[in-house]
Amino acid sequence: VVDIYAVSSFASYSGTGIIMTSDGYIITNSHVVSDTDIISVTLQSQKEYEAVLVGEDAQSDLAVLKIEAYGLQAAEFGDSQALEVGDVVAAIGNPFEQSFTMTDGIISGINRDVSYNGYQMTLLQTNAAINEGNSGGPLINAYGQVIGIINMKLTSHYSTIEGIGFAIPMS
């Protein structure tokens with residue numbers, strides 16, 4: 001898991017990423033890095049790298065970054081299709097720049113259809129605490145395998161909503 005900071009001429013963004021390969025490919029959410037000028041990635045060792053956006057897809061809200069690093073510990077990916085409501089999960093991220101924060105919960109729903117930026121997505125629902133900065137981070141199962149990529153939580157202008165977060169299933 002890595003922290004991601006992205007800067008555009010208008011704003012700065014913080015998020016989270018997952019190391020996909022030992023040679024520096026990282027997956028995160030498109031909305032964290034889209035239309036930014038500078039992207040930096042910080043490892044748990046506090047070593048910081050400049051990242052290059054290799055590709056992104058706004059519809060799936062996924063992006064791939066590349067840093068010039070080798071010998072990294074890549075995440076282990078699990079089977080999100082094997083999940084059941086009630087399975088224990090944990091969310092890891094960088095909420096409000098509090099690096100490498102972990103919250104726990106369960107899978108609250110599977111195959112939730114959610115509209116996002118004009119696109120329909122089918123997501124996993126969890127009650128693990130999801131906050132700004134968790135985007136792009138892993139939702140892991142009890143075996144430490146990444147089964148989802150955190151991408152949003154429900155919010156309301158009229159009331160407080162807690163415990164309704166979503167992740168893109170690995171499948």
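Start by colouring the rings of Phe, Tyr and Trp: there are zero aromatic pairs to find here (a pair needs centres within 6.5 Å, counting the six-membered ring of Trp; planes under 30 degrees apart are stacked, over 60 edge-to-face, the rest tilted). Keep in mind that this is a predicted model, with local features needing pLDDT of at least 70, side-chain atom pairs counted only at pLDDT 80 or more, and totals for chains, interfaces and linings using all residues. Numbering starts from 1 along each chain as its sequence is written, and side-chain values use heavy atoms, with hydrogens and water left out.

**Stop one: the open sheet**

Switch to cartoon and pick out the seven strands that run β5-β4-β1-β2-β3-β7-β6 as an open sheet with antiparallel pairing (strands are DSSP E runs of at least two residues, helices H or I runs of at least four, both numbered from the N terminus; two strands pair if DSSP finds at least two bridges between them). Which strands stand at the edges? They are β5 (48–50) and β6, and each has a single partner strand, so one side of each lacks a neighbour in the sheet. On average, neighbouring strands in this sheet are turned by 30° against each other, direction ignored (the axes are lines fitted to C-alpha atoms, for helices over the stretch in contact, and angles between N-to-C directions run from 0 to 180 degrees).

Now walk across the sheet. Select residues 2–7 for β1, which runs antiparallel to β2 and is joined to it by six bridges. I4 has G15 in β2 as its bridge partner.

Next, add residues 25–28, strand β3: two bridges tie this strand to β2, again antiparallel. Here I19 stands opposite I26. β2 and β3 make a hairpin with five residues between them, and G24 in its turn has a positive phi of about 100°.

From β3, step over to β7, its antiparallel partner over four bridges. Show side chains for Y25 and K66, which stand opposite each other across this pair. What sits over the ring of Y25? That would be the charged end of K66, 5.2 Å from the ring centre (the test asks for NZ of Lys or CZ of Arg within 6 Å of the ring centre and within 35 degrees of the ring normal).

Finish the sheet with β6 (52–57) and β7 (62–66), antiparallel over five bridges. L53 faces L65 in β7. This is another hairpin, with four residues between the strands, and D61 in the turn has a positive phi of about 60°.

**Stop two: the barrel**

Hide that sheet and select β8-β9-β10-β13-β12-β11, a closed barrel of six strands with antiparallel pairing. Neighbours here are turned by 50° against each other on average, direction ignored. Zoom in on β9 (101–116) and β10 (119–126), antiparallel and joined by seven bridges. In this pair, Y116 stands opposite Y119.

**Stop three: the pockets**

Turn on a surface and centre on H31, N131, E132, G133 and S135, the residues nearest the centre of the largest pocket, which has 15 lining residues (a pocket is an open set of points on a 1 Å grid over the protein atoms alone where a 1.4 Å probe fits, with protein on both sides within 12 Å along at least five of seven lines; lining residues have an atom within 4 Å of a point). β2 (12–19), α1 (30–33) and β12 (146–153) each give two or more residues to this lining. By class, four lining residues are nonpolar, eight polar and three charged (Ala, Val, Leu, Ile, Met, Phe, Trp, Tyr, Cys and Pro are nonpolar, Asp, Glu, Lys and Arg charged, the others, including Gly, polar). The volume of the largest pocket is about 310 Å³ (the space filled by probe spheres set on points joined across faces, edges and corners).

Last, select the lining of the second largest pocket, including V1, I18, I19, Q73, I92, P138 and V146. The elements giving two or more residues to the lining are β2 and β11 (138–140). This second pocket holds about 200 Å³ of space, and its lining has nine nonpolar, two polar and one charged residues.
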